[in-house]
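Trainee: I have a model open in front of me and would like to understand the words people use for it. Could you take me through them?

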Amino acid sequence: MKIVAINGSPRKNGNTAQCLEAVRREVAAAGVEFQVFQPGSAVHPCMACYHCLNSGSLQCVQTDDGVNEIIRACIEADGILLASPVYHGGIAGGMKCVMDRIMLTAGCGKNQFHHKVGGALCTLRRSGGMETYQQLLGLMDAMEMVLVTSDYWGAIHGADPGEVLSDTEGMEVAARLGRNMAWMVRVLGSSKDTLPPPESFPRTMTNFIR
Ligand SMILES: Cc1cc2nc3c(=O)[nH]c(=O)nc-3n(C[C@H](O)[C@H](O)[C@H](O)COP(=O)(O)O)c2cc1C
């Protein structure tokens, strides 16, 4: 059993990393593997070439920034945790690039993520937490994933690296999310032979014009 996390911060060992460490401790205690990807700020945006969708390759044509490795790991994972700092009231730019490409490559068309466990967290100095949290959840919400929550919304406060550690309540939210995600991954894993998830099928895309 494995949960893959994407840290959308360009900053090494920043606040988002600290939150993911709290998650990791809980996930590891439950005997579930936890792998964090931090693609940084050098990731490219989606070029809207639609090659991934049209070919069904499950790969992006842009191969030099590590995003395909993240996509592959997400496809193989039992759970996915999206974590990003709040930038200008929303998801950090690099994270948005990764999410756009994951969604088009492996979520649209033949959805690779249906019934995987999903969770989200964001870090912020002051404002934009709810918007960002909802944006992160929105990707998984559109991919038929099993969303797992904590006991409060996943927005944890801190500006300089390490400041989130002073947000005691926020760090507890992160830890509890990790514990709940690990539990759900194990529940679904243990029942997959007796009660497998329902099959998924492509959406009928109507584009609102016909
Ligand atoms: C370009 C930029 C934009 C930011 N915008 C916001 C914002 O809109 N709201 C907010 O509360 N904090 C904002 N912040 C602060 C970060 O969200 C905060 O420092 C966060 O903890 C950084 O996480 P990290 O250490 O994992 O990179 C911004 C920081 C940067 C660098």
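Mentor: Gladly, starting at the ligand: E3 gives the most to the shell around it, with three residues. Please keep in mind that this is a predicted model, where local features need pLDDT of at least 70 and side-chain atom pairs count only at pLDDT 80 or more, while totals for chains, interfaces and linings use all residues. Residues are numbered from 1 along each chain as its sequence is written.

Trainee: What makes E3 a strand?

Mentor: Helices (H or I, at least four residues) and strands (E, at least two) are DSSP runs, numbered from the N terminus. E3 covers 79-87, and the protein comes to six helices and seven strands.

Trainee: Which elements each supply at least two residues of the shell around the ligand?

Mentor: They are helix H1 (15-29), strand E3 and strand E5 (117-124). A residue counts as near the ligand if its C-beta atom, placed from the backbone, lies within 6 Å of it. Of the 19 residues around the ligand, Ser9, Gly14, Thr16, Pro85 and Leu124 come nearest.

Trainee: How do the residues of the shell divide into nonpolar, polar and charged?

Mentor: There are six nonpolar, 10 polar and three charged residues. Here Ala, Val, Leu, Ile, Met, Phe, Trp, Tyr, Cys and Pro are nonpolar, Asp, Glu, Lys and Arg are charged, and the others, Gly among them, are polar.

Trainee: Why is E3 said to pair with its partner strands?

Mentor: Two strands pair if DSSP finds at least two bridges between them, so bridge counts settle the matter. E3 has five bridges to strand E1 (residues 2-7), running parallel, and seven to E5, also in the parallel sense. With strand E4 (residues 90-91), E3 has two bridges and runs antiparallel. As examples, Val4 has Ile80 in E3 as its bridge partner, Ala83 stands opposite Leu121 in E5, and Val86 is matched with Ile91 in E4.

Trainee: What lies between E3 and E4 in their hairpin?

Mentor: Two residues do, and His88 in that turn has a positive phi of about 45 degrees.

Trainee: Why is Met184 called buried?

Mentor: A residue is buried if 20 or more other C-beta atoms lie within 10 Å of its own, exposed if 12 or fewer, and partly exposed in between, with C-beta atoms placed from the backbone. Met184 has 20 such neighbours within 10 Å, so Met184 is buried. In E3, eight of the nine residues are buried, and across the 210 residues of the protein the share is 42%.

Trainee: Which residues does Met184 touch, leaving out those up to four places away in sequence?

Mentor: Met184, found in helix H6, touches Val117, Val146 and Val148. Contact means that two C-beta atoms, placed from the backbone, lie within 7 Å.

Trainee: What makes a nonpolar core?

Mentor: It is a set of buried Ala, Val, Leu, Ile, Met, Phe, Trp, Tyr and Cys residues joined through C-beta atoms within 7 Å. The largest one has 58 residues, and Ile3, Val23 and Met181 have the most contacts inside it. Helix H6 (residues 168-190) gives the largest share of this core, eight residues.

Trainee: How do you know that the radius of gyration agrees with a compact globule?

Mentor: The radius is taken over C-alpha atoms, and the globule rule is 2.2 Å times the number of residues to the power 0.38. For 210 residues that is near 17 Å, and the protein has 17 Å, so the two agree.
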